[in-house]
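Please walk through this fold with the sequence and the coordinates side by side, starting from a single side chain and widening the view step by step.

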Amino acid sequence: YSKLDYWLRHQYVGYAYHSDFQKKRSTKKLKALVISPDFGAGKDSLRAALAGLRYGKEEREAIARHFLSSVHTGGDAVEASFKQHANEFSILHFTTHSLLNEERPEASCLLFDLNNDSLEDGALHNYELYNMSLNAEMAVLSACNTGVGKLQQGAGVMSLAHAFTYAGCPNVLMSLWQVTDHST
């Protein structure tokens, strides 16, 4: 069967959560917003328990070589700053940790730094993304399990990737398992 000439071999098949992709997209040079908080000592108990992203610096530098970039690291990688500037960029790249909640997928989130952010809780939850309208062409979720979630009939897998798509990002790069930061 592997050698048969199936119709699927000649066609592109994609999956879209909804049909809001008719937005006018920018033709300007791609600009990337890179969010890369630090984790480890001196943070709240959750962030102190998380391993630092050893290859985060290499990842940020690689992106900066290929795109005009605004890199937010450490204490500058805060949720309020992301929300304020996200629509200025065509690529949203997160080098961070995620928290998965399969029972309550709206509570799944990407983690940001807490130190300099008095307006937000340092976690970008699915429910927040569902209330945003993003102009980005692509979101790169360089964190564990960002495509994992709860399957809901008629809606698909309710995950961080779904939330970014719903918010307006037609392309989302995600993971379906726990992955090392070297791989991402």
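**From one phenylalanine to the sheet**

Leaving out residues up to four places away in sequence, Phe164 touches Leu92, Phe94, Leu110, Leu124, Leu129, Leu134, Ala139, Leu141, Cys169 and Val172, where contact means heavy atoms within 4.5 Å. The model is a predicted one, in which local features need pLDDT of at least 70 and side-chain atom pairs count only at pLDDT 80 or more, while totals for chains, interfaces and linings use all residues. Residues are numbered from 1 along each chain as its sequence is written, and side-chain values use heavy atoms, with hydrogens and water left out.

Phe164 is also among the residues with the most contacts inside the largest nonpolar core, which has 24 residues, and it shares that standing with Phe82, Leu92, Phe94, Leu129, Leu134 and Leu141. A nonpolar core is here a set of buried Ala, Val, Leu, Ile, Met, Phe, Trp, Tyr and Cys residues joined through side-chain atoms within 4.5 Å; buried means under 20% relative accessible area, exposed over 50%, and partly exposed in between, with a 1.4 Å probe and protein chains only. E1, E3, E7 and H5 each supply at least two residues of this core, and its largest share, five residues, comes from H5. Helices (H or I, at least four residues) and strands (E, at least two) are DSSP runs numbered from the N terminus. A second, separate core of six residues includes Phe39, Cys109, Leu111 and Ala123.

Which strands make up the sheet, and in what order do they lie? Five strands form an open sheet with parallel pairing, in the order E2-E1-E3-E7-E10, two strands being paired if DSSP finds at least two bridges between them. Strand E2 (68-73) and strand E10 (171-173) are the edge strands, each pairing on one side only. Within the sheet, strand E1 (residues 31-36) and strand E3 (residues 91-95) pair in the parallel sense over four bridges, and Leu33 stands opposite Leu92 in E3. Helix H5 (residues 160-167) packs on the sheet, where it touches E3, strand E7 (138-142) and E10, and its direction makes about 160° with that of E7; axes are lines fitted to C-alpha atoms, for helices over the stretch in contact, and angles run from 0 to 180 degrees between N-to-C directions.

His162 is likewise found in helix H5, and at 5% relative accessibility it counts as buried. His162 and Leu129 are 33 residues apart in sequence and 9.5 Å apart in space, C-alpha to C-alpha.

The aromatic side chains add another layer, for ring pairs link Phe82, Phe94, Phe112 and Phe164 into a cluster. Rings of Phe, Tyr and Trp (its six-membered ring) pair if their centres lie within 6.5 Å, and planes under 30 degrees apart count as stacked, over 60 as edge-to-face and the rest as tilted. A search of the whole structure finds five such pairs. Phe94 and Phe112 form an edge-to-face pair, at 6.1 Å centre to centre and 80° between the planes. Phe94 lies in strand E3 and Phe112 in the loop between strand E5 (109-111) and strand E6 (123-125), so the pair ties together parts that are 18 residues apart in sequence.

As for confidence, the protein averages a pLDDT of 85, and 87% of the residues score at least 70, pLDDT being the predictor's confidence in each residue, from 0 to 100.
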